[in-house]
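Student: I'd like to go through the reasoning behind some of the labels on this model. Can we take them one at a time?

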Amino acid sequence: MNPDRDLPQALLPRPLLVALAALLSFGLARSATAAPTLGFQEDWPGVSVQNWGGGATYSNPGTGGVGGAGDGYLIMSTAAAAQLGTVSLDVPYAGNWTAAGIAQVKVWLNDIGTANPLEIHFSIGNGGNFWQYNPGFVPPHNAWAQFTVNLNASSFTQITGVGTFAAALAAVDRVHLRHDKPPFVLSPDVIQGDVGIDRLLLTNPTTAVQHTTWGRIQALYR
């Protein structure tokens, strides 16, 4: 039991009430101003996995990405047949994608190590309205290739929740990459394998954009 949580507000010390109110106000202000940025690119610098995770195993070798030596990238892998996927609930992806003008996602993929029968799909939305991109990406073996997600409702299947695809794009709180085969449902197919992920870009085919790094996104909220 948390004693402070269980006390009525009237019994809490005034300094604590002031501090809690300030913290709540900061959180609300950040939520209200947080928005995805057209041109943001996830590069996985150094050996960081950049808060991407899930139920598989994740690492970053710090080299061998699209940029070659010294360019880190995200590896997701399974040591035995299991669900192979990764999700991010980070600030750069949260908010209204339609208002931000984001109409495409581009990502580089690599079937690293042993060749695997991979079919990687992109998903987007929130816990109550989540959609998966129908076209599956087949990464080349031990080579990088760029793939494009077009954010059109006709190209997606809802895998959990209710609501329209437009509503999901207007209230994104997560993006997801996973191996899966049709038919698309909440629980994906299993596989033993590994895949490299790099340079995930939020973009628009009609707008020239300047790539925005995670460091710049962080600076916007300081």
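What follows is a short exchange about one strand, its sheet and some aromatic rings.

Tutor: Sure, and keep in mind that this is a predicted model. Pick a label and ask.

Student: What makes β7 and β8 paired strands?

Tutor: Pairing takes at least two bridges. Strand β7 (residues 120–126) and β8 are joined by four bridges, so they qualify, and they run antiparallel. Two of the contacts can be named: isoleucine 124 sits opposite tryptophan 131, and glycine 125 has phenylalanine 130 as its bridge partner in β8. The two strands also form a hairpin, with two residues between them.

Student: How do you know that β8 pairs with β10 as well?

Tutor: Same test, at least two bridges. Between β8 and strand β10 (residues 156–161) there are five bridges, so this counts as a pair too, again antiparallel. One point to look at is phenylalanine 130, whose bridge partner in β10 is threonine 160.

Student: Why are β5 and β10 called edge strands?

Tutor: Start with the strand order of the open, five-stranded sheet: β5-β11-β7-β8-β10, with antiparallel pairing. β5 (85–88) and β10 each pair on one side only, and that is what the label says. On average, neighbouring strands in this sheet are turned by 20° against each other, direction ignored.

Student: What makes β8 mostly covered?

Tutor: A residue is buried when its relative accessible area is under 20%. In strand β8 (residues 129–133), five of the five residues are buried, so "mostly covered" fits. That holds for both directions: Asn129, Trp131 and Tyr133 point one way, Phe130 and Gln132 the other, and all are buried.

Student: Now the rings. How many aromatic pairs does the structure hold?

Tutor: Nine. One of them is phenylalanine 137 with phenylalanine 147.

Student: Why is that pair called stacked?

Tutor: Two checks. The centres must lie within 6.5 Å, and the planes must be under 30 degrees apart. Here the centres are 5.0 Å apart and the planes differ by 25°, so both checks pass and the pair is stacked.

Student: Where in the chain do the two rings come from?

Tutor: Phenylalanine 137 is in the loop between β8 and β9 (145–150), while phenylalanine 147 is in strand β9, 10 residues apart. Both are buried.

Student: Which residues form one aromatic cluster with them?

Tutor: The cluster is made up of Trp131, Tyr133, Phe137, Phe147, Phe156 and Phe165. Trp131 and Tyr133 bring us back to β8, where they point the same way.

Terms used
Residues are numbered from 1 along each chain as its sequence is written. This is a predicted model: local features need pLDDT of at least 70, side-chain atom pairs count only at pLDDT 80 or more; totals for chains, interfaces and linings use all residues. Side-chain values use heavy atoms; hydrogens and water are left out. Buried means under 20% relative accessible area, exposed over 50%, partly exposed in between (1.4 Å probe, protein chains only). Rings of Phe, Tyr and Trp (its six-membered ring) pair if their centres lie within 6.5 Å; planes under 30 degrees apart count as stacked, over 60 as edge-to-face and the rest as tilted. Axes are lines fitted to C-alpha atoms, for helices over the stretch in contact, and angles run from 0 to 180 degrees between N-to-C directions.
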